[in-house]
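These are my notebook entries on helix packing, salt bridges and surface patches. I set down each look-up in turn.

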Amino acid sequence: MANEEDDPIIQEIDVFLARSLLEKLYLFQYPIRPASMTYDDVTHLSAKIKPKQQKVELEMAIDTLNPNYCRSKGEQIALNVDGTCTDETSTYSSKLMDKQTFCSSQAASNVSRYAAAVYKKGELHLTPLHGILQLRPSFTYLDKADAKHREREAANEGGDSSQDEAEDDVKQITVRFSRPETEQARQRRVQSYEFLQKRQAEEHWVHLHYYGLKDSRSEHERQYLFSQGHGLAENTELIKSPSEYLMMLMPPSVEEENDKPMAPSNVLSMAQLRTLPLADQIKILMKNVKVMPFANLMSLLGSGTDSTAVLRCIQQVAMLVQGNWVVKSDVLYPKDTSSPHSGVPAEVLCRGRDFVMWKFTQDRWVVRKEVATVTKLCPEDVKDFLEHMSVARINKGWEFMLPYDEDFVKKHPDIVQRQHMLWMGIQAKLEKVYNLLKEHLTPKKQEAQSAHPLLVSGEQRVNMAKAKVKQNYGQLEKEFQKQKAEMKSNDTSAKMDVSSIRIKEEPVSDEEPMDTSAYEGMNNGIVNGLHAEDDSTDSLNGHLPGGCIDRVAQELKAFVSSTFKKQFVLTLSELKRLFNLHLASLPPGHTLFSGISDKMLQDMVLDTGCKQILVPFPPQTAASPDELKVYALWEAGDTYDQHRQVLLEIFSKNYRVRRNVIQNQLSQECGEDLNKQEVDRVLKDCCVSYGGMWYLKGTVQS
């Protein structure tokens, strides 16, 4: 007691376990010299990895302007490695050793005891490490120099020898046939060092994209170091009852465990289930049932279970479809498994099943033939996907097996909105993987909420559409007349300058709202389980009530300005992705949720001083139309504006450029000799390096 009083507890810190980067987080250890240099000062030229071996190579720039750098030695090394002629295969294109390669090795075989920790606002978030790699300088360029030296010596010796000496005598050759290899000899050969080295050399390098410390993607990925949902969903391992904690300290003996009768693998005991942590209970239930309303899940978990904790746990293993929870694909098809029907790997199966789930968020009906055509999977796999969550109807297709859960949607709008944002991200991935056409993205128009679908003739549909257009037009006309009357009443002292008024009109049907709108995919009245009101479409396509237009424009302009001041160069696809992340961080009911179209976003980009760069992409490019639109901040108000403008002009004529070409062009246009740090600063603002070439941000086609 006396010792405890002398050493009081100053502060209690909550510890959370983050799982978002589980089996993905690596720690790199490598020297940075001089000691005063920080991580921001290091310029990574390229990076590549061999995934099976967990082997990484990083290529970093050397500061050739540092007073401690010996320029003559750098020139000599470049000459020994590349010779006098320089081409695309040269290691040092600048005829100077201006970069160094670091190769990795595993620092520890067992890294289960290590984790990365982030402390924020009185909370400590831990993420287990999957590997620790130590990077050391690689001297393969010396081997290349020795090889060239031997080639030159062999050439000199060959030139001095006479023609008579070159004609060797005829030699007898003995031909031997190898005996069949025994199993023991084969095992020894497979376990030999030479064979292992050959296998490692056969694995191809995978080039990586490097993102700096302040890049938006780095900032986005760092958020995964924090436990989502403040720990209750992902940190059940850290929340134990006294009996569970005692069981962990003193586990039952092996004899006691062997005495228990083994239950069949397909039988789930509710008594044993309730002894498990909450997250494991939910995962086992969802894996067996596959589709379940939230009310049924709560009844299975027993009385006294906290619904908030269940909501946080269910989002880790299931997705919301029409107000019901459907188990995630990666839970049913874990990594390194394959299809029992076709042998297709789990990754492909997960993509196909995600497509089926996404189709059910758009419509209550799915056609099996359409799924098979898009996913290119065998009929048995497609049938398994559909049987998980739907039932077959003769001459109609497959209908989602549960009715729309309107009670859950009304009680938990925040969960519905979060799930909607997740489905938008999944839709973007599916569009890129499957090259989805417009008919795949547009849901079929039918009454999704009625138990018995109504038959509507074509003439009735036309009349309904005309009535809807007249209703919307009448409302817009009333609002316009009201605004016009207010403007006339306010102008009593002087005439208003008509030229100062900009009225921006966009046709109602010329464009659809961008995918950041919360109302996308409303043809059947369902948005990932969210019912849309009949009059909610009046605010789409940029037509907002008069008082909201200015606020939306101000918010959108502030977002675009701040984003381009950080990034300088963005494709339309990347800008929309950042806008989606920005929307996800806003509170419900924010003005930006009223609907922002692609045209509104692009017009705002041009209004904030940005220009579109017409990059000449390769003819066979697989980029989407949004990835082909590149915008850049033309004037940032700093000393590098002219340099960036010259750089952007270069990329308006070339898809990819070498560094020496960029440096020469900058020196000619700016009329001064730029040092390496200045060129690096301009390249870091606008470009990325991949495979020894420089590209504008977002335009690399790997």
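**Entry 1: a helix pair.** I looked up how helix 12 and helix 13 are oriented and found them roughly perpendicular to each other. The model I worked from is a predicted one. Helix 12 covers residues 294-301 and helix 13 covers residues 307-317. Their packing angle is about 115 degrees, and their axes lie 11 Å apart. Because angles of 65 to 115 degrees count as roughly perpendicular, I kept that description for the pair. I also noted the handedness of the crossing of helix 12 and helix 13, which is right-handed.

**Entry 2: salt bridges.** How many salt bridges does a search of the whole structure find? I recorded 21. I then went through several of them individually.

I took Lys48 and Glu57 as one pair; their closest N and O atoms are 3.7 Å apart. Is Glu57 buried or exposed? Its relative accessibility is 16%, so Glu57 counts as buried, the cut-off being under 20%. Lys48, in contrast, has a relative accessible area of 24% and is therefore partly exposed.

I next examined Arg364 and Glu399, whose side chains form a salt bridge with an N to O distance of 3.6 Å. Arg364 sits in the loop between helix 15 (346-362) and strand 13 (365-366), while Glu399 belongs to strand 15 (residues 397-400), so this pair ties together parts that are 35 residues apart in sequence. I found both Arg364 and Glu399 to be buried.

The side chains of Asp680 and Arg659 also meet in a salt bridge, at 2.8 Å from N to O. Asp680 is in helix 28 (residues 676-686) and Arg659 is in helix 27 (residues 659-670); the pair links distant parts of the chain, 21 residues apart. Asp680 and Arg659 are both buried.

I also asked which residues are linked in a network of salt bridges. I listed Asp638, Asp641, Arg644, Arg681 and Asp685 as its members.

**Entry 3: a nonpolar patch.** I turned to the surface and noted a nonpolar patch of about 590 Å². Tyr245, Leu246, Met248, Leu249 and Met250 make up this patch. Where is Met250 found? I placed Met250 in the loop between helix 8 (242-249) and helix 9 (254-259). The relative accessible area of Met250 is 60%, so I entered this residue as exposed, the cut-off for that class being over 50%.

How values were computed
Residues are numbered from 1 along each chain as its sequence is written. This is a predicted model: local features need pLDDT of at least 70, side-chain atom pairs count only at pLDDT 80 or more; totals for chains, interfaces and linings use all residues. Side-chain values use heavy atoms; hydrogens and water are left out. Patches are made of residues with over 30% relative accessible area and no salt bridge: like charges are joined within 9 Å, nonpolar side chains (Val, Leu, Ile, Met, Phe, Trp, Tyr) within 5 Å. Accessible areas come from the Shrake-Rupley method with a 1.4 Å probe; for residues, only the protein chains shown count as cover. A salt bridge is a side-chain nitrogen of Lys or Arg within 4 Å of a carboxyl oxygen of Asp or Glu. Helices (H or I, at least four residues) and strands (E, at least two) are DSSP runs, numbered from the N terminus. Buried means under 20% relative accessible area, exposed over 50%, partly exposed in between (1.4 Å probe, protein chains only). Axes are lines fitted to C-alpha atoms, for helices over the stretch in contact, and angles run from 0 to 180 degrees between N-to-C directions. Angles under 35 degrees count as roughly parallel, over 145 as roughly antiparallel, 65 to 115 as roughly perpendicular and the rest as oblique. A crossing is left-handed if the near helix is turned anticlockwise from the far one by less than a right angle, and right-handed if clockwise.
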